[in-house]
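Visitor: Please take me through one part of this model closely. I would like to start with the sulfur atoms, then see how that part sits in the rest of the chain.

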Amino acid sequence: MRVRKVWFFYTLAKLTYMLLALFVYTRFTQLGDTYRYLGGRTYGSESWWYSSTHMMDFLAHSFSKVLGPTLANVPFVLLAVYGVYYAVERAGFTHSQKTKVLLFLCLPSFSIWSSIASKEAIGVFFMGVILGFLFKLMNKEKITCKPLVFLCFYLCVIFKPQYMIGLFSIFTYIMLTTSFF
């Protein structure tokens, strides 16, 4: 039960950061491309499936049409929370360690940018799932939810292809060391 409380409060903190970003932070500065994505500048583009900006326009604008411009950020909050959850739950932390990690991840810079309609929120999602997959490989656990892992590698290629060099190196190392030792 303690674990669920931690995740409930972490999600609540992320939603609070979303509101702070939208209603307080915007009085001082711009929230990157969030409002551009919500407006859907390239909405309807045929390249939405291989261009990160067009994909963000498609997703954020679709959510904005259905949920309105404020609540359209909630799916991105939930994706980021799920990415953190996926990695942290597979890391093997104790309850105390998990709480400390989540407190660290509640710092404003990380929390603001991953609690709005942003590429950072998508990045937290796909990197969290990839990191959780890495933990499963290291522990020689059965890989479940392969379509989700595939989706996250696809998103990584679309949003941050330069990360694939490091990920390929890490996964090669893990595969070799777990196979021989």
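Guide: A disulfide here is a pair of cysteine sulfur atoms within 2.5 Å. In chemical terms, a disulfide is a covalent bond between the sulfur atoms of two cysteines. By that cut-off, the count is zero disulfides. C145 shows why: the closest cysteine sulfur, in C152, lies 9.0 Å away, too far for a bond. C152 is likewise in no disulfide, with the sulfur of C145 as its nearest cysteine sulfur.

A word on the basis of these values. This is a predicted model, where local features need pLDDT of at least 70, side-chain atom pairs count only at pLDDT 80 or more, and totals for chains, interfaces and linings use all residues. Residues are numbered from 1 along each chain as its sequence is written, and side-chain values use heavy atoms, with hydrogens and water left out.

Now the cover of the two cysteines. Buried means under 20% relative accessible area, exposed means over 50%, and partly exposed is in between (1.4 Å probe, protein chains only). C152 is buried, because its relative accessible area is 0%. C145 has 44% relative accessibility, so C145 counts as partly exposed.

Next, the place of C145 in the fold. Helices (H or I, at least four residues) and strands (E, at least two) are DSSP runs, numbered from the N terminus. C145 is found in the loop between α7 and α8. Helix α7 covers 119-138, and α8 covers 146-159. K140 sits in this loop too. K140 is exposed, because its relative accessibility is 56%.

The backbone of this loop deserves a look. Most residues other than glycine have a negative phi, and most peptide bonds are trans. C145 has a phi near 60°, a positive value in a residue other than glycine. K140 also has a positive phi, near 55°.

Move on to helix α8. F150 lies in this helix. F150 is exposed, because its relative accessible area is 63%. F150 lies 21 residues from V129 in sequence, and their C-alpha atoms are 9.8 Å apart.

Then comes helix α9, residues 163-180, which holds M164. M164 is partly exposed, because its relative accessibility is 24%. Contact means heavy atoms within 4.5 Å. Leaving out residues up to four places away in sequence, M164 touches F153, C156 and V157. P147 is 17 residues from M164 in sequence, with 18 Å between their C-alpha atoms.

Two other sites help with orientation. T11 belongs to helix α1, residues 2-23. T11 is buried, because its relative accessible area is 18%. With residues up to four places away in sequence set aside, T11 touches L78 and V81. S51 is in the loop between α2 (34-39) and α3 (52-67). S51 is buried too, because its relative accessible area is 19%. S51 and I122 are 71 residues apart in sequence, and 13 Å apart from C-alpha to C-alpha.

Now step back to the chain. The protein chain has nine helices and zero strands. From the N terminus on, the order is α-α-α-α-α-α-α-α-α. For contacts with a separation of 6 or more, residues 24 or more positions apart account for 68%.

Size comes next. The radius of gyration is taken over C-alpha atoms, and the globule rule is 2.2 Å times the number of residues to the power 0.38. For 181 residues, a compact globule would come out near 16 Å; the protein chain has 17 Å, which agrees. Along the principal axes, its C-alpha atoms fill a box of roughly 55 × 40 × 25 Å.

Last, surface and charge. Of the 181 residues, 44% count as buried. Accessible areas come from the Shrake-Rupley method with a 1.4 Å probe; for residues, only the protein chains shown count as cover. The protein chain exposes about 10,400 Å², and carbon and sulfur atoms supply 69% of this area. Lys and Arg count as positive and Asp and Glu as negative, while His and the chain ends are not counted. A charge is placed at NZ of Lys, CZ of Arg, CG of Asp or CD of Glu. The chain has 17 positive and 6 negative charges, and the mean positions of the two sets are 10 Å apart.
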